[in-house]
Amino acid sequence: MKQLSLFETDKTTPQSSYLHLEGEIPIDLPEDSLISLQRKQPLKIHSVGFQPAKSIPEIPHWFLSKYGTEQCKILEPFAGSGTTIIETLLQGVSIYWLDYHPLSRLICRVKTHLYDGAEILDYAEQILKNAYTVKHPLETINFANKDFWFQKPVQAGLESLRTQIFQVPEAIQPLFWLAFASTVRKTSDMNDGMILAAKRANFKAIPQRSREDVYRYFKDYLDQALEAIGEWQFVLNHSLQNAIELTSKTAINLTGNWHCDAVITSPPYINAIDYVWASKFELHWLGLVSNDRARLDLYTQEIGTERIPRKEYCQLGKTGNSYLDDLIADIYYGTQYQASKGQNKLRARVVYKYFMDMKAHFLSCFNHLNPGGYYCFAIGDISKICGVEIPVAKLLTEIAEKIGFFKIFQFHLLLKNRRLNLPRNVKWAGTIKHDTVVVLQKTRI
Ligand SMILES: C[S@@+](CC[C@H](N)C(=O)[O-])C[C@H]1O[C@@H](n2cnc3c(N)ncnc32)[C@H](O)[C@@H]1O
């Protein structure tokens with residue numbers, strides 16, 4: 001097989017350049033391989049919970065098979081919907097995890113908790129019976145454009161479910177909140193498959209919905225979650241206590257006195273997903289943010305945030321990496337593409353801030369890693385911003401190397417059916433075609 005270097009892999013990459021694999025990624029994969037993976041049906045637990053940029057379990061599986069030991073402790077600092085957590089627990093390995101996003105934390109908590117199916121079904125019956133009896137539920141949730149996105153009977157259905165979920169014992173509430181979160185998304189006036197709440201030209205008409213629709217979806221989502229959890233708990237013969245949620249609420253600065261042997265993660269994609277906007281409805285309906293302002297404040301903590309004050313983004317930032325700084329200046333001055341007023345400067349700052357936050361994150365991980373420990377990440381290889389190609393994986397590797405990591409391995413995975421399908425102006429940005437998986441190591445001394 002011909003080995004390709006990372007930056008030859010543009011849209012014209014011929015099929016024959018790929019190593020076509022089925023099922024697992026082999027541990028003897030040649031360095032710098034370009035692979036196309038035919039995946040096996042994953043466990044149902046992986047599809048529980050909304051996450052617009054899910055990674056695939058084959059990557060943590062490959063890493064643990066190649067570099068892991070039974071005693072090792074893993075860190076997943078960008079847990080999302082818990083792909084790494086599930087795979088790590090399956091292999092009987094312990095894991096610390098965090099995510100700044102409250103919906104992700106809810107999803108991961110559900111996946112790392114033991115539930116008694118019969119008890120859940122009893123409470124579900126009670127919730128639905130009582131929800132029907134309240135004629136005019138109190139309006140407790142408010143946020144911008146609520147009436148635009150939620151029909152009145154849907155609002156009443158959601159409010160009545162909320163009241164009833166609060167009556168359930170606290171320890172098992174998260175599972176009901178998760179089914180509720182899926183119900184919120186499904187019964188909103190977004191089109192199926194839409195990631196961001198925005199009515200665009202190709203928007204399809206939405207049917208009239210009733211309160212009963214809300215209850216029916218809630219029950220369906222609960223049943224689906226229970227089935228997935230049942231399958232998951234059946235295959236898992238290790239303790240869920242091996243998964244420990246860290247108290248740190250951001251991966252930029254990891255606090256606490258703990259150490260790990262490896263980080264296995266997929267960091268946020270630059271300029272691709274606004275996780276807060278993508279889950280705006282769930283955040284409000286679940287009461288995970290108190291108002292619109294709190295939601296926007298949450299977004300400022302996201303790595304890759306575009307919520308940057310004008311005074312700050314007017315400055316041209318310097319990261320100290322001269323190649324990256326030239327790319328940031330190209331975006332800032334619009335050498336490839338002149339966007340509307342202020343947008344070039346804002347985008348340049350987004351890129352600057354993304355890499356500075358990731359630098360702080362690498363340093364924080366370095367300090368929590370044991371000597372000889374690993375950092376394995378998967379990220380889109382190249383992102384295009386204002387016409388400027390940013391080789392994200394390569395730049396992150398260089399930044400980590402400056403901190404003291406050594407790159408020991410990498411390969412590239414062709415992305416298929418990924419949900420990063422945001423409508424884009426092609427002059428601004430292109431679609432990410434490959435994920436690059438990089439393994440870094442800290443020295444043993
Ligand atoms: C690419 S996704 C991870 C997806 C995950 N591997 C999965 O399969 O579900 C990146 C995650 O980083 C989280 N994130 C963004 N900024 C963060 C921060 N400052 N600290 C911790 N997590 C953050 C997002 O909420 C998102 O869940």
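An open sheet of nine strands, with mixed pairing, follows the order S1-S2-S10-S11-S7-S6-S3-S4-S5. Strands here are DSSP runs of type E with at least two residues, helices are runs of type H or I with at least four, and both are numbered from the N terminus; two strands pair if DSSP finds at least two bridges between them. The edges are occupied by strand S1 (19–22) and strand S5 (243–245), each of which has a single partner strand, so one side of each is left without a neighbour in the sheet. From one strand to the next, the twist averages 25°. The structure is a predicted model, in which local features need pLDDT of at least 70, side-chain atom pairs count only at pLDDT 80 or more, and totals for chains, interfaces and linings use all residues. Residues are numbered from 1 along each chain as its sequence is written.

Strand S4 (residues 94–97) pairs with S5 in the parallel sense over three bridges, and Ile95 has Ala243 of S5 as its bridge partner. Helix H2 (residues 83–90) lies across strand S3 (73–76), S4, S5 and S6, and runs at about 165° to S4. Helix H15 (residues 392–403) also packs on the sheet, where it touches strand S7 (369–380), strand S10 (405–414) and strand S11 (434–442), at about 165° to the direction of S10. Axes are lines fitted to C-alpha atoms, for helices over the stretch in contact, and angles run from 0 to 180 degrees between N-to-C directions.

The domain assignment, which is automatic or from a database, gives domain 1 (52–99 + 246–266), domain 2 (117–234) and domain 3 (304–390 + 419–444). The centres of domain 1 and domain 3, taken over C-alpha atoms, are separated by 22 Å. Contact (C-beta atoms, placed from the backbone, within 7 Å) links 21 residues of domain 1 with 18 residues of domain 3. On the side of domain 1 that touches domain 3, helix H1 (58–67) and strand S6 (260–265) are the elements that give two or more residues, and S6 gives the most, with six residues.

Seven of the 10 residues of H1 are buried (20 or more other C-beta atoms, placed from the backbone, within 10 Å of their own), so this helix is largely enclosed by the rest of the structure. Among the buried residues of H1 are Glu58, His61 and Trp62. The buried residues of H1 pack against strand S2 (34–38), H2, S6, S7 and S11.

Note on methods. Two residues are in contact if their C-beta atoms, placed from the backbone, lie within 7 Å. A residue is buried if 20 or more other C-beta atoms lie within 10 Å of its own, exposed if 12 or fewer, and partly exposed in between; C-beta atoms are placed from the backbone.
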